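User: I am new to reading protein structures and would like a close look at a single chain. Could you take me through chain B step by step?

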Amino acid sequence: MVTTDEVWDALAEIPDPEIPVISLVDLGVVKDVAIENGTVRVDFTPTFMGCPALEVMQQAMETKIAALGAVPEVRVLLDDSWSTDHITAEGREKLRVAGFAPPTPRPAERMELVQLQRGFRCPYCGSTETKLENLFGPTPCRSIRYCEACRQPFEQFKTI
Amino acid sequence: MSDRTALLLAIADDELILGWRNSEWTGIAPFLEEDVAFSSIAQNEIGHARALYDLAARELGTTADELAFDRTPDEYRSAPLVELRRLEWARTIARHWLYETADEIRIAALKSSEDPEIAGLAAKIDREEAYHRMHAEMWIDRLLATDEGRTRLNEAIDELWPYALGVLDDGLRPGLAARAQERLGRALPDVEPVPRGTHEAELAELWEEMTSVRRSAPAGSRW
């Protein structure tokens, strides 16, 4: 009989479909795992709602659980329980090494454009002389920034 | 249909149709950053529509795709503001700002709903909408900074204001008027709203295109 620890370990092997350096567990989208009568229920919290990777993630979890010999039941929670604050410390470091500036902690107050314009750390050279080029990027979760010290554009994981 | 489902469908239809309109800039926006921005905003809005349709579909015993694509144009509950086709930059920015501002007022009301599913989904949507609002505000600053920008923005606001009022229910309209007056530094036209429940002719054209693939495939096709 499969255990919850084995399920968590298996889910931790699934890479994010669009940023494969981090796993679904690093991303913090697996909210709960429960086992009952051979069925493994996973509560999954979507990241960005229009992200086409969501269905791929769901199918990957089902495949992993089926490979453990259990019946998968992945529930998609449309509540507000995920934010980028749920990305683990390990996940943030993996993002940085791969050239993505990790998301900053979510501010308590309404986020303003001016807070995003300056001061973020370049994942390549570490300088904070970076500027916002575009709030939007190649996927819903990313903004585009430019480092004025090493003259390298880079992607910033949006804070939501 | 319950009031709850009617509300979910109205918001979902707004987001789907506006998402479609925003996506019309993909490939032809004035410069690359805005091509990316409007394409990404479109993707977010359509993602919100899907989640809202999912909630409505559960009550109606159908699916999000059927709600999005299998109704006739008259059955959509979208506000006429999102149906207009205006591939002109000042009007695009004016609609963007008016819609995002009205939507913020609507979402704030939904976040304090006693229905936990509605409140939770509204809060989740709001996290992404914050970026749309920052983008719209940045453009208002830019247009207000020059005489030509201000003139063109004001013309667009004059044209779109009755439509913007129509996005919201009666009770929320004064809030939108106050926000617009303060931010744009001008009086708004004293006009009747173009209400939800009527449709612009452009919706039928959009619907033809949006549903054409779906209608061309036999029922039950898998992709």
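**A close look at chain B**

Analyst: In this predicted model, the elements of chain B, read from the N terminus on, run α-α-α-α-α-α-α-α-α-α, which is to say that there are 10 helices and 0 strands in the chain. As for overall form, the C-alpha trace of chain B spans about 55 × 40 × 30 Å along its principal axes. A compact globule with 223 residues would have a radius of gyration near 17 Å, and because chain B has 17 Å, the value agrees with that expectation. Of the 223 residues in chain B, 39% are buried. Among the contacts in chain B with a separation of 6 or more, 72% are accounted for by residues 24 or more positions apart.

A single residue can make this picture more concrete. B:Gly19 lies in helix α1 of chain B, which covers residues 3-23, and B:Gly19 counts as buried because 21 other C-beta atoms lie within 10 Å, where the cut-off for being buried is 20 or more. Not counting residues up to four places away in sequence, B:Gly19 touches B:Ala42, B:Glu45, B:Ile46 and B:Ala49. Although B:Gly19 and B:Ala42 are 23 residues apart along the chain, their C-alpha atoms are separated by 4.0 Å.

We can now turn to the nonpolar interior. The largest nonpolar core has 88 residues, and those that touch the most other members are B:Ala12, B:Leu81, B:Ala94, B:Leu160 and B:Ala164. Helix α2 of chain B, residues 32-60, gives the largest share of this core, with 11 residues. Chain A also takes part: its domain 1 (4-76) and domain 2 (101-157) both give residues to the core, so the core lies between these two domains. Returning to chain B, B:Ala94 is in contact with B:Leu153, B:Ala156, B:Ile157 and B:Leu160, if its neighbours within four places in sequence are left aside.

Finally, there is the side of chain B that meets its partner, where 24 residues of chain B are in contact with 17 residues of chain A. On this side, α2 and α6 (116-144) of chain B each supply at least two residues, and the residues of chain B that form it divide by class into 11 nonpolar, 7 polar and 6 charged.

Conventions
Residues are numbered from 1 along each chain as its sequence is written. Chains are lettered from A and ligands numbered from 1 in the order in which they are written. This is a predicted model: local features need pLDDT of at least 70, side-chain atom pairs count only at pLDDT 80 or more; totals for chains, interfaces and linings use all residues. Helices (H or I, at least four residues) and strands (E, at least two) are DSSP runs, numbered from the N terminus. A residue is buried if 20 or more other C-beta atoms lie within 10 Å of its own, exposed if 12 or fewer, and partly exposed in between; C-beta atoms are placed from the backbone. Two residues are in contact if their C-beta atoms, placed from the backbone, lie within 7 Å. A nonpolar core is a set of buried Ala, Val, Leu, Ile, Met, Phe, Trp, Tyr and Cys residues joined through C-beta atoms within 7 Å. Domain bounds come from an automatic or database domain assignment. Ala, Val, Leu, Ile, Met, Phe, Trp, Tyr, Cys and Pro count as nonpolar, Asp, Glu, Lys and Arg as charged, and the others, Gly among them, as polar. The radius of gyration is taken over C-alpha atoms; the globule rule is 2.2 Å times the number of residues to the power 0.38.
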